[in-house]
Amino acid sequence: MSFHLVVGHGPAGAATARLLAEQGQEVRVATRTGGAAAPPVEGVEHLAVDASDPAALARAAHGAAAIHGCAAPPLQQWAARWPALTASLCKAAEDSGAVLVMLGNLYGYGPQPDPTRPLTEDLPLAATGPKGRVRAAAWEQARALHEAGRIRAVEVRASDFFGPGVTDGGHLASRAMPGLLKGRPVAVLGDPDAPHSWTYLPDVARALAEVAGDERAWGRAWHVPTAPAASVRAMAGHLAAEAGTAPVAVRRLSPVLLGAAGLFSPLLRELRETRYQFDRPFVMDSADYEAHFTVRATPLEEQVEATVSWWRERLGS
């Protein structure tokens, strides 16, 4: 029996592995330590694999039907480590014959001349910053190999993650939810009233699983079905209403304060390149995916209810 190899066990990798197992697939998860989830998920096997080692990853992928590339280096190490990870994923796909399903984001498009125009998959990958370029280059490498007939590849692109399982990397997660559940103000990057696309994490997993088994998807990138854009202030209002702590204040972090904090925080320094995503409208269009496949964005009300419930359980509140 073939299996699905999920590379990485962050929020997206964990959600994808769990969903595939629920669908009756045999699932193996490759991480550097091989540590299992807590609690473990039935039908998911964990392997200790250095995903940037092409030979090791190719061995782990032998016999796989699909490889789901959900791993990501720490943000400050993207430029140094993404190329090796991409090369390793592509080699594993070529050696095994498995479909390579890459989880991407929107960095590769870069800032748009007209920020009010929704982002669509046909836009050029025109980013000039190092993080945007390294993400664009990952897909460009996989697509070139696909077009050469050496691998079968597809990329699924998401906007900022939102929902159960999203913690430190989410703008509406660890930096917002613990305080919001207590009725405290929420401090945010950029303009709190700019429309922004938030991709619900379970919908990411559903899209990754769907395109892996549909050859019509292969050879190009697709946007994960995502609910209509909403500002940080609007999302905080929905979450606070669900939590029963409405209204909460939403405050913009001072650029001066952010600049000073960046002197001590590598993460905040790295976010300078993508600040434009929060200083102006940042809206993703997923209509093309929805015209071809079955996954649809989970209704916002369900997203908010599940997110608040998950955080309450996590925080014991």
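## Close-up views of a predicted model

**View A. Arg206, partly exposed at 30% relative accessibility, in a salt bridge of helix H6.** The coordinates come from a predicted model. Arg206 pairs with Asp203, with 2.6 Å between N and O of the two side chains. Both partners sit in helix H6, which runs over residues 201–212. They are three residues apart, or about one turn of the helix. Asp203 has a relative accessible area of 0% and is buried, because the limit for that class is under 20%. The 30% of Arg206 lies between that limit and the 50% above which a residue is exposed, so Arg206 is classed as partly exposed.

**View B. A salt bridge between Asp279 and Arg252.** The N-to-O distance between these side chains is 3.3 Å. Asp279 belongs to helix H10 (residues 276–279) and Arg252 to strand S11, so this contact ties together parts 27 residues apart in sequence. Asp279 is partly exposed, with a relative accessible area of 30%. Arg252 is also partly exposed, and its relative accessible area is 42%.

**View C. A salt-bridge network of Glu26, Arg28 and Glu45.** Shared partners join these residues into one network. In the structure there are 15 salt bridges. One of them is formed by Arg28 and Glu45, whose closest N and O atoms are 3.7 Å apart. This pair links distant parts of the chain, 17 residues apart: Arg28 is in strand S2 (residues 27–31) and Glu45 is in strand S3 (residues 44–48). Arg28 is partly exposed, with a relative accessible area of 22%. Glu45 falls in the partly exposed class too, at 40%.

**View D. Helix H4, residues 130–147.** H4 has 18 residues, for which a rise of 1.5 Å a residue gives an expected span of 26 Å. The C-alpha atoms at its ends are 25 Å apart, which agrees with that span. Buried residues of H4 include Val134, Trp139 and Leu145. Lys131 and Arg135 are buried as well, as are Gly132, Ala136, Ala138 and Ala142. Just after the helix, Gly149 takes a positive phi of about 80°.

**View E. Ala137 in helix H4 and its separation from Ser231.** Ala137 has 35% relative accessibility and counts as partly exposed, whereas Ala136 and Ala138 are buried. Ala137 and Ser231 are 94 residues apart along the chain. Their C-alpha atoms are separated by 30 Å.

**View F. The cis peptide bond between Ala246 and Pro247.** The omega angle of this bond is about -5°. Pro247 is placed in the loop that runs between helix H7 (232–243) and strand S11 (250–252). Strand S11 also holds Arg252, the partner of Asp279 in View B.

**View G. A negative surface patch of four Glu residues: Glu242, Glu301, Glu302 and Glu305.** Helix H12, which covers residues 300–315, gives the most to this patch, with three residues. Glu305 has its place in H12. At 48% relative accessibility, Glu305 counts as partly exposed, because the exposed class requires over 50%.

Key. Residues are numbered from 1 along each chain as its sequence is written. This is a predicted model: local features need pLDDT of at least 70, side-chain atom pairs count only at pLDDT 80 or more; totals for chains, interfaces and linings use all residues. Side-chain values use heavy atoms; hydrogens and water are left out. Patches are made of residues with over 30% relative accessible area and no salt bridge: like charges are joined within 9 Å, nonpolar side chains (Val, Leu, Ile, Met, Phe, Trp, Tyr) within 5 Å. Accessible areas come from the Shrake-Rupley method with a 1.4 Å probe; for residues, only the protein chains shown count as cover. Lys and Arg count as positive and Asp and Glu as negative; His and the chain ends are not counted. The place of a charge is taken as NZ of Lys, CZ of Arg, CG of Asp or CD of Glu. Helices (H or I, at least four residues) and strands (E, at least two) are DSSP runs, numbered from the N terminus. Buried means under 20% relative accessible area, exposed over 50%, partly exposed in between (1.4 Å probe, protein chains only). The expected span of a helix is 1.5 Å times one less than its number of residues.
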